[in-house]
Every structure is written in C-alpha cells, then in structure tokens.
Amino acid sequence: MAVFFLPAAYYAAGESPYGIASADFNGDGNVDLATPSIQSWNAEVLLGYGDGTFQAPVPYSVGINPTGITAADFNNDGKTDLAVADSNGGDIAVLMGNGDGTFQTAAGYPAGSNPVGIISADFNGDGKVDIAITDISGDAVGILLGVGDGTFLPVVFYPVGPYPDGLVAADFNNDGKLDLAVVNSDDTVSILLGIGDGTFDASVLYPAGSGPAYVVAADFNGDGKIDLAITDNNTDSVAILMGNGDGTFQPPVLYAAGSGPLGITVADYNGDFKLDLAITNPLTNKIAVLSGNGDGTFQAPQFFSVNDYPAILVSADFNGDGKIDIAVTDNFSDDIAILINNQPAPIRGIRFF
C-alpha cells in the first residue's frame, strides 16, 4: 500500500545536526524536537506548535562533537530531560528539563573513550531510567544505571563487536527483561540478553548483512516475537532478522532500501496496521519508505526528497491528525526536514467486484 507525504519543510537546527529525539518538552501536548549539532557542540531544541511547524532552535551547550541523543524523565519529576553522547568528549551530557521547554546546564558523566549511540530505558526494573551507549573506540556497550534523581552510577562496559554504533533495547526472549542489540562494523549484530538487574549476558553475534549502520526492533510479522531491521550501507539494503522468541535470530533477508542507507525508524505510515520502515539515503538526499506486508516482508521503496545528507530520523505525529510524520536531520545543510503524512482517508463500506 502506497504512502503519501507532503514535500519536506525545513527548520534550522545548528551546525551539522545528526541524531534526533522527539518528546513533549513543555507539557503543551505538542511534539517537540531535539538534535545535537556536531560542529557547534550544542543540543538544539525546537518546540512544536502542534500544526507540524516548529519554533526557531534554542541551543544548549553539551560537549565535544555530540552525535546521539535520547529523551526521558531521568529524575522522576514528570518533566522530560535529555541525554547526549559527546563522541569526542568521552562522556554523556545530561540536561534536566524545567518542564517549560527549557533545560538546565548539562552535567557530564564519563562514558568511555568515544560514545556515539545512546538510548534510555529501565534495564533493572527499579522504575528509574537508565542509559546505554556504544563506545566505538572501546568495542563495547556501556550501561549507566539511573539513581532516579537525574544522576547515574559509573558506567559498566560489556564487550561487543568492533566499532559498534547503532543500538536498540527490546525483550528478545520474552522473559520480561530488556535486552540489547548492537550493530558492529564486522557485519554482525551483537545480542546481549538482560538478566533483569541491569547486567547482561555475554554478547552473541549474528550476521547482519554488509556495512550495517543502525537498527530498530519491532514485531514485523505479528507472531509476538521481536524482530530486527538493520540498514546495510554496502549493499543498499535493509536486513530483516526474524526473531525466534528465545533471544536468537534467523539469517538476514535483504530488501532494497535506496543508496547508502543509514538511519532507520519504524511506524505504520499508511494506516493499514502493518509496520513500515523509513530509511535515510544520504548519498541521494532522499528518504526511502518501505511498506510492510505484515508477514515480515516489505515492498519496494518509495522515495521522498529532503536536503543535503539526511542522517538520522524519527517518527511522530507532529500536527495531531492521527497520522505518523517523519523528522530527519540534514547533516550538511544544517536543518531538520519535516515530512507531514498526507495519507488519504480509507474508503470504507464500499465493495468492488
């Protein structure tokens, strides 16, 4: 089933924006955006008006060459905070939210020699949000357990494959505990099963195509087991690894995903209750959208133009119409592209013979 987006609208976002996070930072019910700007060493916050448009960015100083970003409530005060991976600073910068869309001065926490990827989740089930990072120089994933007041315990590292970058958390073996998938530069994905106390089993490697970059986790075939989708930069494809439900995965199946695919996000864009994929194509300045068939397979990509070198993207409803839109960082043109979903309403109650 085809997907429809309006032509992209662009919003300034600092110098060389890369990662991106969406959340409601000021409690007005509208989705806002935050992105680290690599060259200006800031986190740029763009408050949403609720109609798909955004205010001018407000910069907050973080650290050296920030790349990844995640949004969560780290101190349990009901206000959304930010954590940014400072890739050349060897730390994560945590910015506590004031609840009105502004943020406090960043606090730094050591996180290896070169943290790049970052996600947030409750890994030990204590109701406090933790952080996981990938350290590309240390060939490891690091876990910083949250204390619940916005501070974190010292990072604990777990070896993975070489030069790890993208990562995702999900329950791969259906034991109610969060696990991790980490993409490595040796064409593998490391699976670390969670013990439930914030620690993890040793990683197990699975083939992930050629030149894997970023990963998402979801149930693509509706069997109640979590699967993986990984962008493969070298083969212009996305690798789908179907989960067996016990923490293991089947060999990857590749689907065309445009030229040099990089960032990836998952959502139902066409309203058919089947999960689709959106993938950045930095080499051609496009977004590839692959409609899901609901059985773990995907249709040929549709392409939507953005600006220069689209990197990472996120899915959310930016204008409150119940349809999922896309925001993508254009790394070379210093902006965020917003693609508003223009999917026509389905015609119901009519039969064709």
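Contact here means heavy atoms within 4.5 Å, and that simple rule will help us walk through this protein. The model is a predicted one, in which local features need pLDDT of at least 70, side-chain atom pairs count only at pLDDT 80 or more, and totals for chains, interfaces and linings use all residues. Residues are numbered from 1 along each chain as its sequence is written, and side-chain values use heavy atoms, with hydrogens and water left out.

Let's begin with the whole chain. The protein has 28 strands and zero helices; both are DSSP runs numbered from the N terminus, with at least four residues (H or I) for a helix and at least two (E) for a strand. Its C-alpha trace spans about 65 × 45 × 35 Å along the principal axes. The radius of gyration is 19 Å, which agrees with the value near 20 Å for a compact globule of 353 residues. That radius is taken over C-alpha atoms, and the globule rule is 2.2 Å times the number of residues to the power 0.38.

Of the 353 residues, 55% are buried. Buried means under 20% relative accessible area, exposed means over 50%, and partly exposed lies in between, using a 1.4 Å probe and protein chains only. Among contacts with a separation of 6 or more, 43% join residues 24 or more positions apart. On the outside, the accessible surface comes to about 13,200 Å², and carbon and sulfur atoms hold 54% of that area. These areas come from the Shrake-Rupley method with a 1.4 Å probe, and for residues only the protein chains shown count as cover.

Charge is worth a look too. The protein carries 9 positive and 43 negative charges, and the mean positions of the two sets are 14 Å apart. Lys and Arg count as positive and Asp and Glu as negative, while His and the chain ends are not counted. Each charge is placed at NZ of Lys, CZ of Arg, CG of Asp or CD of Glu.

Now find strand 6, residues 66-72. Six of its seven residues are buried, so the strand is largely enclosed by the rest of the structure. Strand 6 pairs with strand 7 (residues 81-86) in the antiparallel sense over five bridges; two strands pair if DSSP finds at least two bridges between them. Within this pairing, alanine 71 stands opposite leucine 82 in strand 7. The loop between strand 6 and strand 7 holds asparagine 76, whose phi is near 55°, a positive value in a residue other than glycine. Asparagine 76 has a relative accessible area of 47%, so it is partly exposed.

Another positive phi, near 50°, belongs to tyrosine 163, again a residue other than glycine. Look for tyrosine 163 in the loop between strand 13 (156-159) and strand 14 (167-170). With a relative accessible area of 48%, tyrosine 163 is partly exposed.

A loop residue can also be buried, as isoleucine 38 shows with its relative accessible area of 15%. Isoleucine 38 sits in the loop between strand 3 (32-37) and strand 4 (42-46). Not counting residues up to four places away in sequence, isoleucine 38 touches Glu15, Ser16, Tyr18, Asn65, Pro66, Thr67 and Asn331.

Two strand residues come next. Isoleucine 92, in strand 8 (residues 91-95), is buried at 0% relative accessibility. Beyond residues up to four places away in sequence, the contacts of isoleucine 92 include Val84, Ala107, Tyr109, Ile118, Ile131, Ile133 and Leu144. Valine 62 is 30 residues from isoleucine 92 in sequence and 8.4 Å away in space, C-alpha to C-alpha. Leucine 290 belongs to strand 24 (residues 286-290) and is buried, with a relative accessible area of 0%. Leaving aside neighbours within four places in sequence, leucine 290 is in contact with Val238, Tyr255, Ala256, Ala257, Asp276, Leu277, Ile279, Phe298, Gln299 and Pro301.

Finally, turn to methionine 1, in the segment before strand 1 (9-12). At 47% relative accessibility, methionine 1 counts as partly exposed. Outside its neighbours within four places in sequence, methionine 1 is in contact with Asn270, Asp272, Ser291, Gln299, Gln302 and Gln343. Asparagine 342 is 341 residues from methionine 1 in sequence and 14 Å from it in space, C-alpha to C-alpha.
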